[in-house]
Amino acid sequence: MADYTNLRKSFLARRFLLAILFLIPLFFGIGLRPAQAQATYPVYIVEYGDTLSWIAQRFDTTLDQLMTLNNIQPDDVLRPGDRLQIPSLEGMQGVLTTEYVTLGASLTSLSRRSQTDTAVLVKANRLTSPSELFIGREIIMTTQENGSYMTTMPAIKPGQSFLEASVLSGKNTWLLAEMNGLASPTMGMPMDTYYMPSTEENGSNLALPGVKSIVLDNLPLYQGDTFLIEVESDQPVTIHADLASIQPTFVDLGGVQMAYGGINALTEPGVYPLTMTVTYPDGSEYRFDQLVMISSGNFSIDEPLQVDPESIGTEEEKAENDKFKSVIAAVTPAQYWDGLWYSPAQDADCIISQFGSRRTYNDNPGLYYHTGLDLGYCKGTDVYAPARGTVVGVFPDQVVRGNSIVIDHGMGVYTTYMHLSEILVEQGDIVESGQLIGIIGTTGRSTGPHLHFEVDIQGTPVNPLTWLRREFP
Ligand SMILES: [Zn+2]
């Protein structure tokens, strides 16, 4: 598009001309079908690096159709920010976005939220079955540009009708029924999720009485990833969750219950069930299941390591492993950290071995993986606490781990520091983010000076980089 403004003008001119052409028959009473809504198409906003053929392919259309609908000439140049209507997605409105399927989302709820017919959503996302809407899957949706969102309506309480709930929300009942695909307000059901226009976005797809929102955070999930389930409620509910056989412990932080879980780095990539049960004070229960996608961590495979055979799988090593496991087992019901974590060795460039890489020792067939992040010398040899916590383990001269420290950050989240040359804290110390706790060394099973930094959640090692790159919650 050499001159985008001109293109837009000519496009509008064409539209105007078309409008006149359509009006002429009406004046002469020839009667085009009246009230036939004009076809709507969603808008794709061109991003840096996009090409027309890539966009055509992505939305399952042809280059010709894309160029025709948007009046693009062969020598036009595509620019980031250009707006293209997508011919294959007729019936969708607004701006196309990709997002991840979140907890509780269904084809119906997505259709209500995006005000798009389910058939169009199915086509846009090439769905062949509703079960494909697993949590963490990327989906094509639309958003409106005028700052208005569709947000969940307060839950219909038992004994209440859609009519009452919608009146309480202060909106037009019939309009809300129509927006939610109901033939009439009497068709509304309790426990179903309805949407209403709002100026605020609401991440929750579930409408449970007394529960304001339930969110599964840190999507999409990968092998060795951290997940967080956050439940906001205005009455005391008991939550139980099971994701791929991980049952995270919920901690009540005053109106918000949070549970952190860790996905084992050896979990086969695939789709796993998440089951959640919400139990009310009167004993009544609400349970739902949804599938969650766990993607490959794309871990590398390290060269087989040659180490002293005496140091592999010994009684001493087992005892050491058991000791560390027991130290990190308890879930302290408080969150000690605040905000983004501080890098324990202060420079991301000095990573010498990533979390999750597959390892073999002495060509043994057994599969091991790297349970932490190895940091070499960075801006010195100092080791800092990444976040507030209590020192719960000070272990000098361990066979595998060398001089090591364990810190409890609360919520079942622990960090461990291995192979230190010096330990500068004591058991029971409360350390702050950025506090000096030790010096990098090469004690224990180590081939050179480095810090093995490990994050465990309820006993499962997770990728430490997640914690250094995003804030939890
Ligand atoms: Zn390591």
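**View 1. Q115 follows helix α4 with a positive phi.** In this predicted model, Q115 sits just after α4 and takes a phi of about 55°. The helix itself spans residues 107-114 and is mostly covered, with six of its eight residues buried. Look for S109, L110, S111, R112, R113 and S114: these are the buried ones. They pack against α5 (118-124) and also against three strands, β4 (138-143), β5 (149-152) and β6 (195-198).

**View 2. Strand β26 is enclosed by its surroundings.** Now let's move to residues 451-457. Seven of the seven residues of β26 are buried, so the strand is largely enclosed by the rest of the structure. In a regular strand the side chains alternate between the two faces of the sheet. Here L451, F453, V455 and I457 lie on one side, while H452, E454 and D456 lie on the other, and both faces are covered.

**View 3. Strands β18 and β22 pair with β26.** Which way do β22 and β26 pair? They are antiparallel, joined over six bridges, with β22 covering residues 413-420. To find your place, match T415 with its bridge partner V455 in β26. Strand β18 (residues 373-375) also pairs with β26 in the antiparallel sense, over three bridges. Here, D374 stands opposite H452.

**View 4. A hairpin links β26 and β27.** Strand β27 (residues 460-462) runs antiparallel to β26, and three bridges join the two. V455 turns up again here, standing opposite V462 in β27. Two residues lie between the strands of this hairpin, and Q458 in the turn has a positive phi of about 45°.

Note on methods: Residues are numbered from 1 along each chain as its sequence is written. This is a predicted model: local features need pLDDT of at least 70, side-chain atom pairs count only at pLDDT 80 or more; totals for chains, interfaces and linings use all residues. A residue is buried if 20 or more other C-beta atoms lie within 10 Å of its own, exposed if 12 or fewer, and partly exposed in between; C-beta atoms are placed from the backbone. Helices (H or I, at least four residues) and strands (E, at least two) are DSSP runs, numbered from the N terminus. Two strands pair if DSSP finds at least two bridges between them. Two residues are in contact if their C-beta atoms, placed from the backbone, lie within 7 Å.
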